[in-house]
Amino acid sequence: MDTQRQLVDRLRSTFRSGITIPEQFRQTQLTMLMSMIQDNEEQILNALHKDLAKPKFEAIMSEIDIVINELHYAIANLTSWMKPEYAGTNLATKLDDCSVRREPLGVVLIIGPWNYPLQLLIVPLIGAIAAGNCAVIKPSEVSSATDSLMAELIPKYLSQDCYAVVSGGAEETKALVQNRFDHIFYTGSQTVARSILRAASDHLTPVTLELGGKCPCLIYGKVNMASAAQRLVWSKYFNAGQSCVAPDYVLCSQATRDALLPALRQTLEDFYSKDPQTCPDVSRIVSPQHWTRLMELLARSRGKVVVGGEGNQEDKYIAPTVVVDVAEDDALMEEEIFGPILPIITAESLQEGIDFVNRKEKPLALYVFSEESSVRTRDSGPGFLLTFFFWAGELHTTIVNAVLEKTSSGGFCSNDGIVHMTLPTLPFGGVGASGCGSYHGRWSFETFSHRRAVMLRGWALERLNSLRYPPYSEQKLSWLRWTTSAKSSCSLM
C-alpha cells in the first residue's frame, strides 16, 4: 500500500507523463464511470439505504440519475469545451493568434460528504476527469457503506494510475490535506472547511468549498397554499432534511402562517401517512451523533412544536417536525439544522423578511413563494407562443424580483425548492460563508481547468514594434497609445 505522500507523488508522475491530456482518454474514463454506475445500480442503492435508509425513488432521483445526466452532458460537450477560445485583438496585435486555452491543473483532491455520498463525490470527479486531471478521491467515512463501495468500484473501472480512493476518518483527511495538491474540492461543514483552507494555504493550493448555511424560504403575497405546502414539504423533508439546499426556515406573515399550517399537516399526512416512522419513503438520520444533535436543538428551542417532534434514537428516526413562534435568537436559528425540523418565523412585511435574511450569512440557496405574477415572453409572435411561454415559465413577480434584487445567495429559486441544482446548465455553489467556487456541467470543467492566455506572434510588423523600443519620445508614445487603445480593438474572433 502506498503512503499518502507516495500516492500523490505517483499520481503526479502519471500526470506529467501526459496520459490524461488527450480527449480520447478523458472520454474513455467518463464512459467507464458511466458503466460503473449503471452496472452496479443495485449495490449503490443498497449502500445508500444502509447508510441513510434512502428510499429507492429518492436515491435514483438525487444520486444515480443526477450523476448519469452529468456524465451524458460532459461526454456530449467535452469536444467543444476543450477547444481554444479565441480572443479579440487591437491594431498592435492584429496579426497575432490570441486565445484562451483550457489546461488541466494536475493532481486534485476531492473530499465528499455523507448526505449525498454518491452524487457529491462523483459529480466533481466528472469535472476533474473531463478537464484532464489525476485525482485523489476521499469519500465520507460517516456514510460507511457507500465509502466502502466506492473504494471497491472506482479502481475496477477507472485507471488506477490516474485515480485513487483514500478511505478513513478525520485523522486521515487531516493528514491527506497536508500534501501538495493542485486543487482541493471540499463539500461539507464550515468548521472543516476552515481547517482545509489553513492546510491549503501552506502550498498556496486553490480550493472550491461547497458548504451550506441556513437557506430561507420567504412566503409572501397571494399563494396557493396546497401547492406551496407540497413543494415546501418535499424539498424540506427529502432525505430527512439532510440536504445543504433544503429550506432551513420559513419567513411569512402571521396570516400566511395560519393558512399554511393546515396545508402542511395535510401534506405531511398525504406524503408520509399518519405514522411516518413506518413509511418507507422517510429516510433516517445518518448517525446517532447527528440524531442527538438535532433532538438537543429541538429541546433547547423556545418555539412551539405543532407537527411531529417525536424521535427514536435506536432507529435514528426523527418525525417531520414543524415549529412556530421561533425567535431570531432561538436555538434552531443558531446553526444549519440539517434535519427534518422546520421553524416558521413571523415577519409581517416582505421588507422585514428581506432584512431578516440580510442580517444572516449569505445562504447556499434562497427560496421565495409568491403567485402574484406578470408575464414576460421571449417572442411576440403567434398567440400559441404567448400561451406556451405563459405556462412554460418566465413568470416574474414583483415580490420574487424584490427578493432576488435585494438579497444575495449561492442559488435562487422561486416557487419550489432544491430543483435548481439538478440542471447541469446552471452553476451550483455558494457565496460568502456558504462556499466559494461552483460546479455542474461546464462549470465543473472550468473549476478543474487553468485558463491559459496564449498569444502566438510572428516576426512581421517590426517597424510597428519599434514604437515601444528606446529611445522613447512623445511621438512614439502617442502612436503606441493609439495602436493599443480600445478604439483600435478588433472584436473579430
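Me: Let's start with H3 and H4: is their crossing left-handed or right-handed?
Reply: Happy to look, bearing in mind that this is a predicted model. The pair consists of helix H3 (residues 41-52) and helix H4 (residues 56-82), with axes 10 Å apart. The crossing of H3 and H4 is right-handed.

Me: How are H3 and H4 oriented to each other?
Reply: H3 and H4 pack at an angle of about 110°. An angle of 65 to 115 degrees counts as roughly perpendicular. H3 and H4 are therefore, relative to each other, roughly perpendicular.

Me: How many residues in the contact of H3 with H4 are charged?
Reply: On the H3 side, the contact is made by Glu41, Glu42, Ile44, Leu45 and Leu48, which meet Lys56, Ala59, Ile60, Glu63 and Ile64 in H4. Of the residues in this contact, 6 are nonpolar and none is polar, and the number of charged ones is 4.  The charged count is thus listed as 4.

Me: Nice. Now for H2 and H6: which class does their packing angle fall into?
Reply: Helix H2 (residues 23-39) and helix H6 (residues 144-157) have axes 9 Å apart and pack at an angle of about 135°. Because of that angle, H2 is, with respect to H6, oblique.

Me: How many residues in the contact of H2 with H6 are nonpolar?
Reply: Met32, Ser35, Met36 and Asp39 from H2 meet Met150, Leu153, Ile154 and Tyr157 from H6. Their contact includes 1 polar and 1 charged residue, and the nonpolar ones number 6.

Me: Is Tyr157 buried or exposed?
Reply: Tyr157 has its place in helix H6. Leaving aside neighbours within four places in sequence, Tyr157 is in contact with Met32, Ser35, Met36, Asp39 and Asn40. The relative accessible area of Tyr157 is 18%, and under 20% counts as buried, so Tyr157 is buried.

Me: How far apart are the C-alpha atoms of Tyr157 and Gly309?
Reply: Along the chain, Tyr157 and Gly309 are 152 residues apart. In space, their C-alpha atoms are separated by 44 Å.

Me: On to the strands: which residue in S2 is the bridge partner of Tyr86?
Reply: Strand S1 (residues 85-86) runs antiparallel to strand S2 (residues 97-104), and 2 bridges join them. In S2, Tyr86 has as its bridge partner Ser99.

Me: And which residue in S22 is the bridge partner of Glu103?
Reply: S2 also pairs with strand S22 (residues 449-456), in the antiparallel sense and over 8 bridges. The bridge partner of Glu103 in S22 is His450.

Technical notes: Residues numbered from 1 in each chain as written. Predicted model: local features only at pLDDT ≥ 70, side-chain atom pairs only at ≥ 80, totals over all residues. Heavy atoms only, no water. Axes fitted to C-alpha atoms, helices over the stretch in contact; angles between N-to-C directions. Helix = DSSP H or I, 4+ residues; strand = E, 2+ residues; numbered from the N terminus. Parallel < 35°, antiparallel > 145°, perpendicular 65-115°, else oblique. Contact = heavy atoms within 4.5 Å. Nonpolar A, V, L, I, M, F, W, Y, C, P; charged D, E, K, R; others polar. Pairing = 2+ DSSP bridges. Left-handed = near helix turned anticlockwise from the far one by under 90°. Buried < 20%, exposed > 50% of the residue type's maximum accessible area, 1.4 Å probe, protein only.
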